[in-house]
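Please explain how the metal site, the salt bridges and the backbone of this protein are arranged. A guided account in formal prose would be welcome.

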Amino acid sequence: MPESTQRVNYASNDKQSIGRRYQESHPTYRNQYQRDRDRIIHSAAFRRLEYKTQVFVNHEGDLFRTRLTHSLEVAQIARSVARELQLHEDLTEAIALAHDLGHTPFGHAGQTALNNCMQDSGGFEHNIQSLRVIDKLEQKYAEFDGLNLMFETREGVLKHCSKFNAGNLGDVGQRFLHKKQASLEAQLTDFSDEIAYNNHDIDDGIRYGLISINDLLKIELFRKQYDVVNKQYPGLDEKKLIHEIIRRMINVMVVDLIDTSRQNIANARLDSIEDIRNQAQRLMAFSEQMNAKKHELKQFLRKNLYQHYRVHRMSKKAADVIEALFNAFINDLKILPTEALQHCQTLKEKHGDAGITRGISDYIAGMTDRYAIVEYERIFNPRQLSFVNLHP
Ligand code: MG
């Protein structure tokens with residue numbers, strides 16, 4: 001039986017795990033977290049990430065990040081951190097690849113719109129939806145719904161959660177009720193997510209012409225690396241310049257995360273995984289100086305990129321599509337495709353009318369950007385009033 005690769009006693013370990021919700025035999029040549037990672041990669045939800053928006057709608061250009069390439073970048077950063085801190089790389093990779101599986105089409109605009117639609121039915125939250133995808137919605141295995149992943153992978157996917165929702169989520173909800181921490185692998189993946197999107201959004205934002213190098217020079221994290229690159233390679237062409245700056249920014253943030261967290265871990269004198277869970281605060285952390293610089297960068301991106309009128313127009317249209325689809329389905333369930341309708345009816349048997357709205361929410365959340373747009377066209381565009389167009 002393959003051994004887990006961790007080398008410190010506070011790294012997650014499949015032998016000490018609570019394990020899976022449904023008992024299964026141990027894989028022959030993999031550890032349990034490798035199996036989780038492989039199940040995630042083979043899931044339908046993972047393939048859909050290719051056509052879901054990160055910030056820019058998927059069809060706007062082939063070079064922009066999608067949820068899929070974002071998830072790969074997160075996994076790449078997270079694995080480097082895990083290896084250096086001697087934590088479980090396979091678990092880290094599994095969490096990173098699964099962390100965005102529950103995202104709606106059209107990024108945060110889509111999530112906000114769906115949450116508004118679901119206000120009277122428990123709301124919509126993408127972390128909880130990611131858990132729902134891996135626990136329930138994937139239909140691949142004969143003996144259970146979902147992917148039946150290990151406890152540590154599932155808790156890593158559920159990054160945040162309100163106390164109210166935590167009460168309904170069983171074992172992975174407990175830590176929010178009892179103020180316990182998640183594994184270090186889960187913590188570091190969360191930070192890696194932030195490092196990935198802060199940096200690739202700069203790259204995408206420049207490519208899209210929404211922000212410029214000149215604007216970014218106001219930001220310390222960027223300016224410092226700009227000066228380093230400019231001094232070493234004066235007159236470098238802009239494409240290379242941007243990449244040389246961003247790769248250094250990622251490196252500075254990763255190194256800060258590793259150094260600060262390593263110090264925190266040493267100070268805490270950990271002896272077991274339980275010691276991590278019982279800490280008052282997360283041990284993975286950026287330094288205070290890095291937190292301040294990161295805050296400055298995030299403020300900049302919020303104001304100049306995420307709230308840019310061109311992004312806002314896209315978000316507005318995306319929200320209209322989600323809302324229109326939701327209302328159309330609620331008003332007439334018979335326009336739902338057969339499989340989605342069956343899903344709603346199954347949920348209705350268990351949860352009454354709330355089951356129907358949750359089923360519609362699952363259907364919409366699972367859509368890719370382009371599927372949502374096509375579905376909207378099929379339902380609302382009178383020029384598509386032909387049997388061929390109405391039935392894909
Ligand atoms: Mg993410």
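The following paragraphs treat the metal site, then the salt bridges, and then two backbone positions.

The model is predicted, and its description may begin with the magnesium ion. Four residues supply the protein donors of this ion: His70 and His99, each through NE2, and Asp100 and Asp193, each through OD. These donors lie 2.2 to 2.7 Å from the metal. Along the chain, the donors follow the spacing H-x28-H-D-x92-D. Within this set, His99 belongs to the loop between α4 (89–98) and α5 (107–117), whereas Asp193 belongs to helix α10; the pair therefore ties together parts that are 94 residues apart in sequence. His99 and Asp193 are both buried.

The salt bridges come next. Across the whole structure, a search finds 32 of them. One of these joins Arg37 to Glu93, with an N to O distance of 3.0 Å. Because Arg37 is located in helix α1 (residues 32–41) and Glu93 in helix α4, this pair ties together parts that are 56 residues apart in sequence. Both partners, Arg37 and Glu93, are buried. They also take part in a network of salt bridges, in which Arg37 and Glu93 are linked with Arg30, Asp38, Arg79, Arg83, Glu89 and Asp90.

Two further salt bridges may be set beside this one. Asp203 and Arg207 form a salt bridge whose closest N and O atoms are 3.8 Å apart. Both residues lie in helix α10, and because they are 4 residues apart there, about one helical turn separates them. The surroundings of the two partners can be read from their accessibility: Arg207, at 40% relative accessibility, counts as partly exposed, while Asp203, at 17%, counts as buried, since the limit for that class is under 20%. Asp14 and Lys15 form another salt bridge, with 3.8 Å between the closest N and O atoms. Asp14 has a relative accessibility of 9% and so counts as buried.

Finally, two backbone positions deserve attention. Which value does phi take at Asn148? The angle is positive, about 50°, although Asn148 is not a glycine. This residue sits in the loop between α6 (126–137) and α7 (151–157). Lys179 is likewise a residue other than glycine with a positive phi, near 50°, and its place is in the loop between α9 (174–177) and α10 (184–207). Is each of these residues buried or exposed? Asn148 counts as buried, at 3% relative accessibility, whereas Lys179 is exposed, with a relative accessible area of 68%.

Terms used. Residues numbered from 1 in each chain as written. Predicted model: local features only at pLDDT ≥ 70, side-chain atom pairs only at ≥ 80, totals over all residues. Heavy atoms only, no water. Buried < 20%, exposed > 50% of the residue type's maximum accessible area, 1.4 Å probe, protein only. Donors = N, O, S within 2.8 Å, 3.2 Å for Na, K, Ca; no water. Salt bridge = Lys/Arg side-chain N within 4 Å of Asp/Glu carboxyl O.
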